[in-house]
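Please open the structure in your viewer and keep the selection panel at hand. The tour below proceeds stop by stop, from the whole chain to single residues.

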Amino acid sequence: GSSGGSGGKSTAKYTVTFEANGGSAVASQTVSGNAEVKEPQAPAKEGFEFAGWYSDKELKTKYDFSAKVTKSITLYAAWNKQSSAEEQFVLTIGEKEANVFGEIKTNDVAPVIVNDRTMLPARFVAENLGAEVEWDEEKRLVTVTGKSLKTGEEVTILITIGKETAIVNGKELKLDSPAFIENDRTYTPVRFIAEELGASVEWLEASRKVIITK
């Protein structure tokens, strides 16, 4: 027995198990040592979009399918919830029409981009998220009052034209893009207001859309 088992490595077989986390079942694969596992066809899950395989349960580390398999492993599926149109408020840069939770509404001005930030009069965003907006001409101050969609707590947002900070419930927060006035309309940062009101905001670069989800 001079081989001493060292030659046995190449015949090692490992099992790669796919935990679909509520999605359609994915068959496990047997892989010989130091080979790669083939990426299986994506599983399906009602109301969700498949977001890749991860090597840990916490879904922090995406699995690299070009890696050589050296032991039996389990891969975990990640899922993103698909929001229906009823849960989404969609603004498109340069367009006055917005899809507000499944209903088309027309604003009097279109969203614009300034400093990489989408700007729009506060009223259109805030009121569609259930908040109220007041404008103080003298102080050049926009006041948004409402309840957080997440916590239900009262939220007061103060944004002064040209000022680089806003005040939310008494706390000063930085604005990447200060509010400004153009053609008698006060433009405020969409993401900032929506997030402070407890909504989540996504920017789709390709279609130049802002998606606000409550």
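Strands, as the term is used here, are DSSP runs of type E with at least two residues, numbered from the N terminus. The model is predicted.

**The whole chain**

Begin with the cartoon of the entire chain, in which two helices and 18 strands are found. Turn the C-alpha trace along its principal axes: the spans are about 95 × 35 × 30 Å. The radius of gyration of the chain is 25 Å, whereas a compact globule of 214 residues would have one near 17 Å. Of the contacts between residues at least 6 apart in sequence, 46% join residues at least 24 apart.

Next, display the surface. The chain exposes about 12600 Å², of which carbon and sulfur atoms supply 46%. Of the 214 residues, 39% count as buried. Colouring by charge will show 26 positive and 32 negative side chains, with the centres of the two sets 8 Å apart.

**Two loop residues with positive phi**

Select Asn115, which sits in the loop between strand S8 (112–114) and strand S9 (117–121). Its phi is near 50°, a positive value in a residue other than glycine.

Proceed to Asp184, in the loop between strand S15 (180–182) and strand S16 (185–189). Asp184 is not a glycine either, yet it has a positive phi of about 65°. Is Asp184 buried or exposed? With a relative accessibility of 74%, Asp184 counts as exposed.

**Aromatic rings**

Now show the aromatic side chains; the structure holds seven aromatic pairs. One of them joins Phe180 and Tyr187, whose rings are stacked at 4.9 Å centre to centre with 5° between the planes. Buried means under 20% relative accessible area. Phe180 has 19% relative accessibility and therefore counts as buried. Tyr187, at 6%, counts as buried too.

Then select Phe18, Phe50, Trp53 and Trp79 together, as these residues form one aromatic cluster.

**Lys38 and its surroundings**

Which loop holds Lys38? Lys38 lies between strand S2 (29–32) and strand S3 (48–54). Its relative accessible area is 65%, so Lys38 is exposed. Leaving aside neighbours within four places in sequence, Lys38 is in contact with Phe18, Gln29 and Phe65. Of these residues, Phe18 also belongs to the aromatic cluster visited above. To see how the chain returns to this region, select the C-alpha atoms of Lys38 and Ser66: they are separated by 8.8 Å, although the two residues are 28 apart along the chain.

**Tyr63 and its contacts**

The final stop is Tyr63, in the loop between S3 and strand S4 (73–81). Tyr63 has 14% relative accessibility and therefore counts as buried. Which residues is Tyr63 in contact with, leaving aside its neighbours within four places in sequence? They are Val37, Trp53, Tyr54, Ser55, Val69, Ile73 and Leu75. Trp53 is also one of the residues in the aromatic cluster.

To end, draw a distance between the C-alpha atoms of Tyr63 and Ala126. The two atoms are separated by 40 Å, and the residues are 63 apart along the chain.

Definitions and conventions: Residues are numbered from 1 along each chain as its sequence is written. This is a predicted model: local features need pLDDT of at least 70, side-chain atom pairs count only at pLDDT 80 or more; totals for chains, interfaces and linings use all residues. Side-chain values use heavy atoms; hydrogens and water are left out. Helices (H or I, at least four residues) and strands (E, at least two) are DSSP runs, numbered from the N terminus. The radius of gyration is taken over C-alpha atoms; the globule rule is 2.2 Å times the number of residues to the power 0.38. Buried means under 20% relative accessible area, exposed over 50%, partly exposed in between (1.4 Å probe, protein chains only). Contact means heavy atoms within 4.5 Å. Accessible areas come from the Shrake-Rupley method with a 1.4 Å probe; for residues, only the protein chains shown count as cover. Lys and Arg count as positive and Asp and Glu as negative; His and the chain ends are not counted. The place of a charge is taken as NZ of Lys, CZ of Arg, CG of Asp or CD of Glu. Rings of Phe, Tyr and Trp (its six-membered ring) pair if their centres lie within 6.5 Å; planes under 30 degrees apart count as stacked, over 60 as edge-to-face and the rest as tilted.
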